[in-house]
Amino acid sequence: MRIATWNVNSVKARIGHLAMWLKKVQPDVVLLQELKCVADEFPRLEIEAAGYRAEIVGQKAYNGVAILAREKIEDPLRALPGDKADEQARYVEATVGGVRVASIYLPNGNPVDSDKYKYKLAWMERLHAHVQTLLASERPIVLGGDYNIAPTDDDVYDPEGWKDDALCRPPSRAAFRKIVHLGLTDAFRVLHPQPHQYSYWDYVQNRFARDCGLRIDHLLLSPQAADRLAAAGIDREPRALDKASDHTPVWCEIRNRGA
DNA sequence: ATGGTAGCCTTGCTA
């Protein structure tokens with residue numbers, strides 16, 4: 001089973017790229033972030049024409065996450081537990097083909113002296129608590145998304161310039177490590193230990209052409225999924241297209257049970 | 001020190 005995560009930075013602006021990529025790559029599951037639209041405006045017809053079902057958690061103008069899958073999407077959980085007052089569309093989880101998958105759009109958190117940074121850290125505390133619950137099930141689980149965390153300086157083109165950013169500063173990285181250390185495996189990193197491979201490049205200053213990026217999109221696997229990890233990669237092709245998202249897809253391949 | 005770009009949707013916010 002091939003599972004990909006992609007922050008599309010508006011699904012309506014990116015439906016052309018997305019539909020083309022689905023038809024070419026044909027992943028089994030796609031975890032989308034930054035839909036930037038309500039569910040009623042999601043381009044369902046194009047997605048269905050490409051062969052996918054969709055579980056959508058939308059929001060006007062900001063955020064928005066979805067799970068696309070060729071198979072049936074079962075038992076959805078449409079918000080991260082732990083704060084009923086939180087109305088931001090940043091989390092959706094469901095079961096596809098016996099694998100529990102989640103699409104995560106973790107708060108950016110900049111500027112770091114604002115309530116937005118406090119919200120980021122609180123959101124990560126909620127994610128930590130929920131991951132503990134998920135792992136107790138001892139099922140194969142793939143938690144993918146835009147984590148807005150560059151885990152180490154190896155994941156940043158200019159660590160010195162980014163050291164005080166919400167994506168890099170020590171409390172952000174510590175909160176991320178605390179989640180990973182519950183027993184998750186970074187699917188890309190474990191198979192590609194070489195530094196400076198990125199999933200996101202800012203639109204400004206020709207950053208993609210100069211490969212000035214960060215690795216902030218991750219697929220985190222439970223032990224039962226990591227045992228079946230066959231391959232992982234970053235597909236840079238969509239980022240090179242005209243009118244691209246600032247993120248590009250990250251994918252992993254999970255072996256079928258018994259294979 | 002600042003502004004660079006994109007999307008949404010407004011005269012700014014978020015990233």
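Student: In this predicted model, which residue of strand 7 stands opposite Val96?
Tutor: Val99 in strand 7 stands opposite Val96. Strand 6 covers residues 91-96 and strand 7 covers residues 99-105.

Student: What makes strand 6 and strand 7 a pair?
Tutor: A pair requires at least two bridges. Strand 6 and strand 7 share six bridges, in the antiparallel sense, so the definition of at least two is met.

Student: Which strands are called edge strands, and in what order do the strands of the sheet run?
Tutor: The order is 5-6-7-8-10-9, in an open sheet of six strands with mixed pairing. Strand 5 (74-77) and strand 9 (185-186) are the edge strands, as each pairs on one side only. Helix 3 (residues 115-135) packs on this sheet, where it touches strand 5, strand 6, strand 7 and strand 8 (141-146). The direction of helix 3 makes about 15° with that of strand 6.

Student: What makes Asp115 and Lys118 a salt bridge?
Tutor: The side chains meet at 3.4 Å, N to O, and the cut-off is 4 Å. The value lies within the cut-off, so the pair counts as a salt bridge. Both residues belong to helix 3, three residues apart, about one turn of the helix.

Student: Why are Asp115 and Lys118 called exposed?
Tutor: Exposed means over 50% relative accessible area. Asp115 has 58% and Lys118 has 55%, so each counts as exposed.

Student: Why does the salt bridge of Glu253 and Arg2 tie together parts far from each other in sequence terms, 251 residues apart?
Tutor: Glu253 lies in strand 12 (residues 250-254) and Arg2 in strand 1 (residues 2-7), so the parts joined are 251 residues apart in sequence. The closest N and O atoms of Glu253 and Arg2 are 3.6 Å apart. Glu253 has 26% relative accessibility and counts as partly exposed; Arg2, with 26%, is also partly exposed.

Student: Is Glu34 buried or exposed, and how do you know?
Tutor: Glu34 has 13% relative accessibility, and buried means under 20%, so Glu34 counts as buried. Its salt-bridge partner is Lys36, with the closest N and O atoms 4.0 Å apart. Lys36, at 30%, counts as partly exposed.

Student: How many salt bridges does the whole structure hold, and which residues are linked in a network?
Tutor: A search of the whole structure finds 16 salt bridges. Asp155, Asp186, Arg189 and Arg215 are linked in a network of them.

Student: How many aromatic pairs are counted, and why is the pair of Tyr157 and Trp162 called edge-to-face?
Tutor: The count comes to five aromatic pairs. The rings of Tyr157 and Trp162 have centres 6.3 Å apart and planes at 70°. Centres must lie within 6.5 Å, and planes over 60 degrees apart count as edge-to-face, so this pair qualifies. Tyr157 is partly exposed at 24%, whereas Trp162 is buried at 13%.

Student: What makes Trp201 and Phe208 edge-to-face?
Tutor: Their ring centres are 4.8 Å apart and their planes stand at 80°, so the pair is edge-to-face. Both Trp201 and Phe208 are buried.

Student: How do you know that the charged end of Arg70 sits over the ring of Tyr52?
Tutor: The charged end of Arg70 is 4.9 Å from the ring centre of Tyr52. The distance limit is within 6 Å, and the arrangement is counted as a charge over a ring.

Methods: Residues numbered from 1 in each chain as written. Chains lettered and ligands numbered in written order. Heavy atoms only, no water. Helix = DSSP H or I, 4+ residues; strand = E, 2+ residues; numbered from the N terminus. Contact = heavy atoms within 4.5 Å. Axes fitted to C-alpha atoms, helices over the stretch in contact; angles between N-to-C directions. Phe/Tyr/Trp six-rings, centres within 6.5 Å; stacked < 30°, edge-to-face > 60°. Buried < 20%, exposed > 50% of the residue type's maximum accessible area, 1.4 Å probe, protein only. Lys NZ or Arg CZ within 6 Å of the ring centre and 35° of its normal.
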